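Me: I am new to this structure and would like a close look at a single part of it rather than a tour of everything. Please choose one part, explain the terms as you go, and connect it to what surrounds it.

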Amino acid sequence: MKKNLFQTFGEFDSFAEINEAAEGLLMEGDLKGLRELAAENGLEEEAEQYIKKETEELCGPVEAAIGKIRVECKGDNDPFYEDVMDYLMSNCDDLDFALAVRKKGKRVSEAADRIVKEAFKNTAWINGRHCNYCGPMRGYQLIREYYLKGDGRS
């Protein structure tokens, strides 16, 4: 997972903050800056539509959440992280979930790490091999709890 995220504009806590920054850049005529903002937030395609005035805002909550997931997972070819990313993206049609994914400090890697930790609690020998396992439903539950109920640490 990428460690150096959101270096130019910083991490935004919501789609509204992204749109406010985009509006300011557009009003200043700083299209290069607007494209950089969009790229940093996984919204390249949306930026071109916004610049052409095909949309009134750079992004909505769903696009902002999916863009953040894309940026966090860019270049990571680990099938496990791809599964977590796919699950996250497929659940961003739930507005509360999309807003939670966009929150500052929330990371796909942290959600995935919770599944890994759970898997190490469940050990089995299968065909003579030591295996750790976290079932899909439990994995999904851990992801949702991470994003929707705070960090869950005690």
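Reply: A nonpolar core is a set of buried Ala, Val, Leu, Ile, Met, Phe, Trp, Tyr and Cys residues joined through side-chain atoms within 4.5 Å, where buried means under 20% relative accessible area, exposed means over 50% and partly exposed lies in between, with a 1.4 Å probe and protein chains only. The model is predicted, so local features need pLDDT of at least 70 and side-chain atom pairs count only at pLDDT 80 or more, while totals for chains, interfaces and linings use all residues. Residues are numbered from 1 along each chain as its sequence is written, and side-chain values use heavy atoms, with hydrogens and water left out.

The part I have chosen is the largest nonpolar core, together with the helices that supply it. This core has 24 residues, of which Ile69, Leu88, Val101, Val108, Ile143 and Tyr147 touch the most other members. At least two residues come from each of H4, H5, H6, H7 and helix H8 (136-148); helices (H or I, at least four residues) and strands (E, at least two) are DSSP runs, numbered from the N terminus. Leaving aside residues up to four places away in sequence, Ile69 touches Met85, Leu88, Met89, Cys92, Val101 and Val108, a contact being heavy atoms within 4.5 Å. Another core, of 14 residues, lies apart from this one and includes Leu25, Tyr50, Leu58 and Ala64.

H4 deserves the longest look. Running over residues 61-73, helix H4 has 13 residues and reaches 19 Å from its first C-alpha to its last, close to the 18 Å expected at 1.5 Å a residue, the expected span being 1.5 Å times one less than the number of residues. Ten of the 13 residues of H4 are buried, so the helix is largely enclosed by the rest of the structure. Those buried residues are Pro61, Ala64, Ala65, Ile66, Gly67, Lys68, Ile69, Val71, Glu72 and Cys73, and what covers them includes helix H1 (15-28), helix H2 (31-40), helix H5 (79-90), helix H6 (95-102) and helix H7 (108-121). Ala64, named above as a member of the other core, is thus in the same list of buried H4 residues as Ile69.

Beyond the end of H4 the surroundings can be followed a little further. Lys74, in the loop between H4 and H5, is exposed, with a relative accessible area of 57%. Its C-alpha atom is separated by 26 Å from that of Glu23, 51 residues apart along the chain. Gly75, just after H4, takes a positive phi of about 80°.

H8 brings in another side of the core. This helix has 13 residues and reaches 18 Å from its first C-alpha to its last, close to the 18 Å expected at 1.5 Å a residue. Gly139, Leu142, Ile143, Tyr146 and Tyr147 are its buried residues. They cover an arc of only 125° around the axis, an arc taken from the directions from the helix axis to the C-beta atoms, which puts them on the same side of H8. H5, H6 and H7 are among the elements that cover these residues.

Aromatic rings add detail to this region. The structure holds four aromatic pairs, where rings of Phe, Tyr and Trp (its six-membered ring) pair if their centres lie within 6.5 Å, and planes under 30 degrees apart count as stacked, over 60 as edge-to-face and the rest as tilted. Tyr87 and Tyr140 form a stacked pair, 4.3 Å centre to centre with 5° between the planes. Tyr87 lies in helix H5 and Tyr140 in helix H8, so the pair ties together parts that are 53 residues apart in sequence. Tyr146 and Tyr147 form an edge-to-face pair, 4.8 Å centre to centre with 70° between the planes, and both are buried. Together with Phe97, Tyr146 and Tyr147 form one aromatic cluster. Lys106 lies over the face of Tyr146, at 4.2 Å from the ring centre; a charge sits over a ring if NZ of Lys or CZ of Arg is within 6 Å of the ring centre and within 35 degrees of the ring normal.

For the wider setting, the chain comes to eight helices and two strands, and buried residues make up 41% of its 154 residues.
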